[in-house]
Amino acid sequence: ELIAARVPDVVKAVKWNSPFYGNETDVWFLNFHCYAQYIKVAFFRGEQLDPPPPVTSKSPGVRYLHIFEDDFDEAQFMSWVDQASALPGEKM
């Protein structure tokens with residue numbers, strides 16, 4: 001809901017049982033992985049965000065944000081969504 005409000009023409013899909021968000025079909029700027037303890041948000045061009053999300057990845061350019069139930073900085077998350085949606089997405 002937050003992403004759709006901020007990026008009005010966002011394209012949404014479910015791939016590999018995870019929600020993806022992009023600016024065009026099959027070109028994505030982030031996705032979610034849901035785990036028992038937290039939600040992992042993958043920013044596909046996360047190394048280009050300022051500041052970059054805190055968790056590194058084995059995949060080049062990708063950075064993660066782990067969202068825990070009682071610890072969510074909505075303002076920072078929305079800043080990353082704004083930045084990520086303005087960058088070229090990843091074709092998948």
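**View 1. Phenylalanine 72 and its ring partner, phenylalanine 77.** With 37% relative accessibility, phenylalanine 72 falls in the partly exposed class. This is a predicted model, so every value in these legends is computed from predicted coordinates. Phenylalanine 77, by contrast, is buried, at a relative accessible area of 3%. A pair of aromatic rings is described by the distance of the centres and the angle of the planes. Here the ring centres of phenylalanine 72 and phenylalanine 77 are 5.5 Å apart and the planes meet at 55°, so this pair counts as tilted. Nine aromatic pairs turn up in the structure.

**View 2. The largest nonpolar core.** Which residues touch the most other members of this core? Out of 17 residues, they are Ile3, Phe29, Leu30, Val41, Phe43 and Phe77. Two or more residues come from each of β3 (27-34), β4 (39-43), β6 (63-67) and α2 (74-86). The biggest share is from α2, which puts in five residues. Another core lies apart from this one; it has six residues, and Phe20, Trp28, Val62 and Tyr64 are among them.

**View 3. What surrounds phenylalanine 29.** Skip the neighbours within four places in sequence, and phenylalanine 29 still has plenty to show. Its contacts from earlier in the chain are Ile3, Val7, Val10, Tyr21, Gly22 and Asn23. From later in the chain, phenylalanine 29 is in contact with Ala42, Phe43, Phe44, Val81, Ala84 and Ser85.

**View 4. The β1-β2 hairpin and the rings beside it.** Strand β1 (residues 11-15) runs antiparallel to strand β2 (residues 18-24), and the two pair over five bridges. One facing couple to look for is valine 11 with glycine 22 of β2. Two residues sit between the strands of this hairpin, and tryptophan 16 adopts a positive phi near 50° there. Tryptophan 16 also belongs to a cluster, in which ring pairs link Trp16, Phe20, Trp28 and Phe44. On top of that, the charged end of lysine 15 sits over the ring of tryptophan 16, at 5.5 Å from the centre.

**View 5. Lysine 15 and its salt bridge to aspartate 26.** Is lysine 15 buried or exposed? It counts as buried, because its relative accessibility of 19% is under the 20% cut-off. The side chain of lysine 15 meets that of aspartate 26 in a salt bridge, with 3.4 Å from N to O. This pair links distant parts of the chain: lysine 15 belongs to strand β1 and aspartate 26 to the loop between β2 and β3, eleven residues apart. Aspartate 26 itself is partly exposed, at a relative accessible area of 27%.

**View 6. Two further salt bridges.** The structure has three salt bridges. In one of them, aspartate 82 joins arginine 6, and the closest N and O atoms are 3.1 Å apart. That couple links distant parts of the chain, since aspartate 82 is in helix α2 and arginine 6 in helix α1 (residues 2-6), 76 residues apart. Aspartate 82 is partly exposed at 33% relative accessibility, and arginine 6 is partly exposed too, with a relative accessible area of 43%. Another salt bridge couples arginine 45 to glutamate 90, with the closest N and O atoms 3.2 Å apart. Here arginine 45 lies in the loop between β4 and β5 (55-56) and glutamate 90 in strand β7 (residues 90-91), 45 residues apart. Arginine 45 counts as partly exposed at 27% relative accessibility, and for glutamate 90 the figure is 27% as well, again partly exposed.

**View 7. Strand β4 and its partners, β3 and β6.** Strand β4 is mostly covered, with four of its five residues buried. It pairs with β3 in the antiparallel sense over five bridges, and β3 and β4 make a hairpin with four residues between them. Strand β4 also pairs with β6, antiparallel and over five bridges. In that pairing, alanine 42 stands opposite tyrosine 64 of β6. Lysine 40 lies over the face of tyrosine 64, at 4.4 Å from the ring centre.

**View 8. Cysteine 34 in strand β3.** Cysteine 34 is part of strand β3 and stands opposite isoleucine 39 in β4. How does it score for accessibility, buried or exposed? Cysteine 34 is exposed, because its relative accessible area of 63% is over the 50% cut-off. For a sense of scale, cysteine 34 and valine 7 are 22 Å apart in space, C-alpha to C-alpha, and 27 residues apart in sequence.

Methods: Residues numbered from 1 in each chain as written. Predicted model: local features only at pLDDT ≥ 70, side-chain atom pairs only at ≥ 80, totals over all residues. Heavy atoms only, no water. Core = buried A, V, L, I, M, F, W, Y, C linked by side-chain atoms within 4.5 Å. Buried < 20%, exposed > 50% of the residue type's maximum accessible area, 1.4 Å probe, protein only. Contact = heavy atoms within 4.5 Å. Phe/Tyr/Trp six-rings, centres within 6.5 Å; stacked < 30°, edge-to-face > 60°. Lys NZ or Arg CZ within 6 Å of the ring centre and 35° of its normal. Pairing = 2+ DSSP bridges. Salt bridge = Lys/Arg side-chain N within 4 Å of Asp/Glu carboxyl O.
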